[in-house]
Protein chains: 4
Amino acid sequence: MTQQTRAHDIPLGVAVIGTGRMGADHVRRLAEATRGARVTAVVDVDAGRARAAAALAPGCTPYTDAAAAMAAEDVDAVLVASPGPAHEAALLQALAHDLPVLCEKPLTPDAAAALRIVEAEARLGRRRVQVGFMRRYDEEYRQLKALLDAGGLGRPLMLHCVHRNASTPPGFTDRMLLEDSAVHEIDATRWLLGQEITAVRVLRPAPSPAAPEGLGDPQLVLLETAAGAVVDVEVFVNCGFGYQVRCEAVCERGSVRIGEERGPAVAADGRWGGPVPQDFLTRFRAAYDREVQEWVDATRRGTCTGPSSWDGYAAAAVCEAAVRAQETGGRVEVALAERPALYDEAG
Amino acid sequence: MTQQTRAHDIPLGVAVIGTGRMGADHVRRLAEATRGARVTAVVDVDAGRARAAAALAPGCTPYTDAAAAMAAEDVDAVLVASPGPAHEAALLQALAHDLPVLCEKPLTPDAAAALRIVEAEARLGRRRVQVGFMRRYDEEYRQLKALLDAGGLGRPLMLHCVHRNASTPPGFTDRMLLEDSAVHEIDATRWLLGQEITAVRVLRPAPSPAAPEGLGDPQLVLLETAAGAVVDVEVFVNCGFGYQVRCEAVCERGSVRIGEERGPAVAADGRWGGPVPQDFLTRFRAAYDREVQEWVDATRRGTCTGPSSWDGYAAAAVCEAAVRAQETGGRVEVALAERPALYDEAG
Amino acid sequence: MTQQTRAHDIPLGVAVIGTGRMGADHVRRLAEATRGARVTAVVDVDAGRARAAAALAPGCTPYTDAAAAMAAEDVDAVLVASPGPAHEAALLQALAHDLPVLCEKPLTPDAAAALRIVEAEARLGRRRVQVGFMRRYDEEYRQLKALLDAGGLGRPLMLHCVHRNASTPPGFTDRMLLEDSAVHEIDATRWLLGQEITAVRVLRPAPSPAAPEGLGDPQLVLLETAAGAVVDVEVFVNCGFGYQVRCEAVCERGSVRIGEERGPAVAADGRWGGPVPQDFLTRFRAAYDREVQEWVDATRRGTCTGPSSWDGYAAAAVCEAAVRAQETGGRVEVALAERPALYDEAG
Amino acid sequence: MTQQTRAHDIPLGVAVIGTGRMGADHVRRLAEATRGARVTAVVDVDAGRARAAAALAPGCTPYTDAAAAMAAEDVDAVLVASPGPAHEAALLQALAHDLPVLCEKPLTPDAAAALRIVEAEARLGRRRVQVGFMRRYDEEYRQLKALLDAGGLGRPLMLHCVHRNASTPPGFTDRMLLEDSAVHEIDATRWLLGQEITAVRVLRPAPSPAAPEGLGDPQLVLLETAAGAVVDVEVFVNCGFGYQVRCEAVCERGSVRIGEERGPAVAADGRWGGPVPQDFLTRFRAAYDREVQEWVDATRRGTCTGPSSWDGYAAAAVCEAAVRAQETGGRVEVALAERPALYDEAG
């Protein structure tokens with residue numbers, strides 16, 4: 001091979017912060033399934049885990065300190081995959097270094113912190129942060145949005161959403177059911193409809209016996225949007241049989257459904273059908289690949305696209321209202337700060 | 001053919017009261033598609049319409065007065081298909097004659113009148129009234145109920161229902177959206193889950209421009225049941241594209257969906273798919289046939305099965321609560337009278 | 001109930017000849033699920049079996065001799081469900097009595113005998129025989145035929161057919177795979193396309209280990225029609241997983257598929273899907289009901305519709321060619337007698 | 001960004017030979033959608049077209065002579081997308097330069113030429129050639145193969161295949177229907193079943209009026225394999241409504257189907273369903289992307305995987321037999337040369 005390369009061939013050097021399940025998966029993705037990037041740094045407070053992750057990517061340096069990684073010469077951009085409470089510090093550091101960031105959801109666990117990120121980025125005066133709402137990168141969600149935007153079906157009036165996991169890890173709480181699970185439908189609603197969510201209700205059926213002590217599962221989250229659409233979201237995170245994400249948009253002149261079962265149809269053993277995916281990484285693998293690829297591509301072009309800090313903030317604000325609705329059983333309105341002009345084109 | 005017949009061959013003589021669209025359809029059904037019955041009388045306040053309907057069934061006598069028809073020697077049973085407000089009088093007359101009745105839904109428009117029927121039948125001491133909730137006779141609904149009753153999927157936690165009509169006739173109101181449309185899902189919920197409905201909410205999205213002045217369409221009806229299940233029902237009666245009724249039961253260990261599109265799958269003109277039925281008589285034709293046949297069969301055996309007066313009363317009571325929920329935007333609890341012992345086996 | 005009945009209420013008295021599985025099922029059907037008929041006679045060479053079947057229908061007389069039954073005053077029509085080799089005698093007797101007949105397929109096992117029936121009926125000068133090709137009474141097959149006849153898709157060019165049984169009874173042979181199984185697709189091809197079949201090939205894959213000794217299973221039957229359509233039929237009668245019948249019609253401007261899986265869709269135990277029917281009586285129950293009802297209705301009107309003796313003969317002739325094709329591996333042309341004018345409107 | 005890169009970051013320099021529709025699409029794919037490669041040369045006998053294609057990829061040199069391109073220092077591998085008759089020369093040149101090649105199907109139009117490539121590669125002693133049978137890279141085909149290889153369904157007994165195009169370009173012939181269209185199912189059969197094809201028949205229905213003069217369309221291609229499986233392939237290249245590729249594998253204990261319609265399901269305008277893709281580049285876009293990516297990845301690792309020259313040769317030999325079968329109407333056996341040991345692991 002030739003030794004000569006040109007500027008357009010220089011890959012983006014990415015520091016991955018946090019090397020748990022999602023972080024390690026992103027290291028692998030950047031090293032093996034992304035064009036135009038390489039992982040030059042990994043950061044984990046656990047030095048052993050950092051070294052193990054660094055071994056996945058040739059030429060990658062392990063760090064235990066994010067600031068040191070961000071200061072390294074070969075770090076051009078940051079992917080934040082640490083636990084949610086650590087996001088604010090990492091994001092503010094990245095903004096201080098003026099580095100592009102792909103931040104796994106949630107932007108931050110609470111709306112106040114998320115608003116501080118929004119404000120810091122607004123002061124910087126240019127978008128630097130993309131939030132990891134991967135459904136915006138899923139082929140079917142994109143086709144759904146294209147159908148809605150094309151206008152032939154008229155205005156969307158309702159969304160019916162289903163979000164099911166086979167089971168939850170230990171320690172999963174009512175709050176996480178909203179912040180970790182429903183948050184995806186909250187973002188998808190804002191994105192698909194191009195409207196803010198204005199009020200939330202949460203209905204709680206008698207829980208499944210498979211739900212761990214203290215978790216009400218399933219729950220029905222009801223959203224109202226600025227233009228009067230109504231959205232219902234079944235969140236059932238211990239459904240037992242697999243991972244299912246479905247969405248139906250009911251419009252003035254038609255309805256569209258995505259998330260139907262697909263893949264080879266087998267007839268055997270007296271039944272027809274097929275397997276239900278057991279895992280979100282399986283269901284949304286291609287979406288994650290595309291999310292990271294589009295982030296790398298945009299970053300190398302010097303731009304920032306995809307879900308913004310504002311989207312992360314708005315999702316956090318809706319989640320906070322949903323937590324209160326979950327506690328009170330009533331309808332809770334969502335209070336949003338004023339949106340900086342920087343985000344007028346967002347989304 | 002032989003002239004000799006035996007008692008088991010003597011067909012049931014049915015008086016059909018009301019000869020509008022549903023009534024005329026039932027005359028035709030009894031005359032042409034039912035085993036063991038014949039229409040011996042039709043009743044309509046409009047004498048011309050009564051004569052026209054009588055002409056559909058050989059040997060049938062037209063009446064303008066229900067009492068006269070019920071007194072006729074060749075009338076063994078009554079099918080009530082008159083407008084809802086006329087039901088109470090016809091039902092009380094039939095009970096006074098101790099005649100078996102199949103009454104099109106609603107039993108009566110309001111719960112108080114329905115309760116009077118329940119009480120009259122309880123005084124009579126035996127079930128005489130079957131209410132025309134035809135979904136209980138639909139093959140797919142029956143399969144769904146069989147799956148739920150078999151218990152393999154565990155207890156039902158939620159139902160997601162969709163009820164769509166292409167368009168509404170002139171004069172259709174918010175109240176009719178509940179009493180004529182949602183009432184089917186109200187009965188189906190009670191039947192599928194074997195529980196009473198205890199509370200109702202109605203959410204109202206910004207209406208479709210296809211909705212006539214004064215009608216909020218679509219609406220989202222939310223039901224709670226005695227054992228804590230939660231049911232959401234999209235009612236969209238001017239959806240434009242056809243008639244769709246779907247139901248998904250979400251249980252502890254699995255989910256079941258009915259009402260998916262079926263029939264021949266065509267690929268042509270750049271698209272795959274098929275027609276959406278335009279009409280409930282098309283979608284539920286076989287269910288209506290089976291409903292009337294099972295009523296005739298049970299009546300000839302001297303029994304009464306199927307949805308009872310109590311079911312009609314309970315549906316009316318839930319509808320009344322739903323109307324108040326529709327008006328107030330809040331959660332309205334359903335108040336039911338005590339159920340007479342006669343109905344302990346009902347359903 | 002009134003004691004008075006009129007002529008139009010007099011049920012058709014049917015003699016059922018043969019009381020094996022299909023015969024007993026037809027006795028039950030006529031007694032319980034058919035309008036306007038009653039079983040007045042059952043015939044079986046096994047007197048005990050005849051008595052047992054007679055007990056299923058009130059007022060029914062058991063016979064061991066078909067001629068005696070046909071001579072009885074209360075027998076208006078005959079349903080032949082005896083083994084195929086006994087059909088010719090029963091049919092000729094019925095024609096001699098000028099009685100309407102519904103004859104289970106095959107009309108007769110061999111084409112020569114079938115032609116004798118055709119000739120006897122042609123001499124009688126009016127159609128008296130309907131052959132039990134029940135697919136013509138299946139809702140989906142009727143919708144498919146309606147779509148083809150409507151012409152919007154253009155001329156049919158090919159059919160792809162699948163015919164699968166879970167397993168075969170003992171003694172099932174290569175020949176029965178054609179005469180008992182493929183014969184349905186042979187009739188369906190003639191009926192859907194409105195053309196005679198002109199040539200046959202049979203391809204024999206290496207057999208499944210589930211096939212009994214001496215049976216090549218599956219086989220691929222290839223038909224050519226008078227207007228040049230080509231039809232492939234997979235017949236797999238020990239597929240193990242259930243009963244499936246599918247058909248795709250490929251036309252000049254589009255394709256139509258019937259026989260897709262239907263019924264409630266369950267997600268549970270890590271899989272989506274549903275049960276495959278295990279039995280043709282399950283899959284085609286409604287078609288059998290309709291077949292017998294339409295035969296009763298037509299007979300009471302004094303007419304004869306549905307698949308004719310000619311259809312039974314043509315199917316037998318194609319089967320004979322197919323047997324030779326199966327034996328030789330080559331293409332075998334179908335030789336048909338000239339069609340009597342009586343059958344010009346048949347079908 | 002850092003200026004330093006390491007060996008594993010040096011992209012593969014690819015020369016694309018032929019810049020027609022497929023060639024230009026591959027230039028775009030390598031430049032924009034592939035990791036670890038760049039287009040350093042494009043070759044077309046039309047200098048203007050070469051210059052236009054070169055403009056799609058930064059740093060790419062246009063050539064009119066393949067030999068000159070292959071001799072260039074920055075060319076590490078060759079993608080052949082020229083017309084079929086030009087493949088042999090390009091492939092032999094590439095083998096002479098010991099360059100890895102991805103060759104669009106067909107390897108060569110005739111089996112004799114294909115065998116010369118096989119022999120040249122065998123003399124070289126290592127696999128250098130991958131043939132562009134992209135179905136092997138399609139997600140659904142891979143899932144089907146995995147299900148077959150897993151063995152739970154038993155041995156495959158039959159395949160039912162459908163291959164439909166909306167329409168053909170001018171000049172499309174009977175022979176092209178086999179060599180350009182059916183060849184995909186020929187390769188898929190060999191790959192899915194892991195067996196050579198031993199005999200071919202071609203049945204020709206009366207053609208569609210949409211078929212151009214001289215083209216028999218559709219046709220039914222029947223394949224037999226070494227272990228006795230039977231495969232039917234409908235090829236219908238002027239079906240009018242879109243691009244459809246389906247496959248059902250019928251095994252001893254079950255059946256698997258791929259290629260069913262997917263994507264958002266829309267209900268609107270009185271119909272349910274969705275669009276049929278109009279183009280193979282749409283349907284198989286992801287498969288092409290993966291094919292080229294896996295070729296690049298394997299090449300950079302110094303290996304060669306995927307369909308081999310032998311696969312290209314065997315497909316050509318089956319096509320030649322199919323052409324004779326098409327002409328004669330009979331069964332034609334496939335004669336294959338002895339397979340060099342080099343290909344023992346192929347596929």
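Modeller: Copies are superposed by least squares on the C-alpha atoms of residues with pLDDT of at least 70 in both, where pLDDT is the predictor's confidence in each residue, from 0 to 100. This is a predicted model, in which local features need pLDDT of at least 70, side-chain atom pairs count only at pLDDT 80 or more, and totals for chains, interfaces and linings use all residues. Residues are numbered from 1 along each chain as its sequence is written, chains are lettered from A and ligands numbered from 1 in the order in which they are written, and side-chain values use heavy atoms, with hydrogens and water left out.

Biologist: What makes the relation of chain D to chain B that of a two-fold axis?

Modeller: A turn of 180 degrees, with a shift of 0.0 Å along the axis, lays chain D on chain B with an RMSD of 0.0 Å, and that is the relation of a two-fold axis. Among the residues of chain D, D:Gly273 comes closest to the rotation axis, its C-alpha lying at 2.0 Å.

Biologist: How do you know that the copies, chain D and chain B, meet through the same surface?

Modeller: Of the interface residues of chain D, 100% are also interface residues in chain B, so the same surface serves both copies.

Biologist: Why is C:His163 called buried?

Modeller: The term applies under 20% relative accessible area (over 50% is exposed, in between is partly exposed; 1.4 Å probe, protein chains only), and C:His163, with 3%, is therefore buried. C:His163 lies in strand E7, residues 156-164 of chain C, a strand being a DSSP run of E of at least two residues, numbered from the N terminus. Beyond its neighbours within four places in sequence, C:His163 has contacts (heavy atoms within 4.5 Å) that include C:Arg135, C:His184, C:Glu234 and C:Tyr243.

Biologist: What makes the pair A:Glu260 and B:Arg257 a salt bridge?

Modeller: The definition asks for a side-chain nitrogen of Lys or Arg within 4 Å of a carboxyl oxygen of Asp or Glu, and the closest N and O atoms of this pair are 2.9 Å apart, so the pair qualifies. Between chain A and chain B the count is 8 salt bridges, and each of these chains gives 38 residues to the contact.

Biologist: How much area do chain A and chain B bury between them?

Modeller: About 2,800 Å², 59% of it on carbon and sulfur atoms, taking buried area as the accessible area (1.4 Å probe) that two parts lose on being put together, summed over both. A:Met158, A:Leu203 and A:Arg257 supply 16% of what chain A buries against chain B, more than any other three residues.

How values were computed
Helix = DSSP H or I, 4+ residues; strand = E, 2+ residues; numbered from the N terminus.
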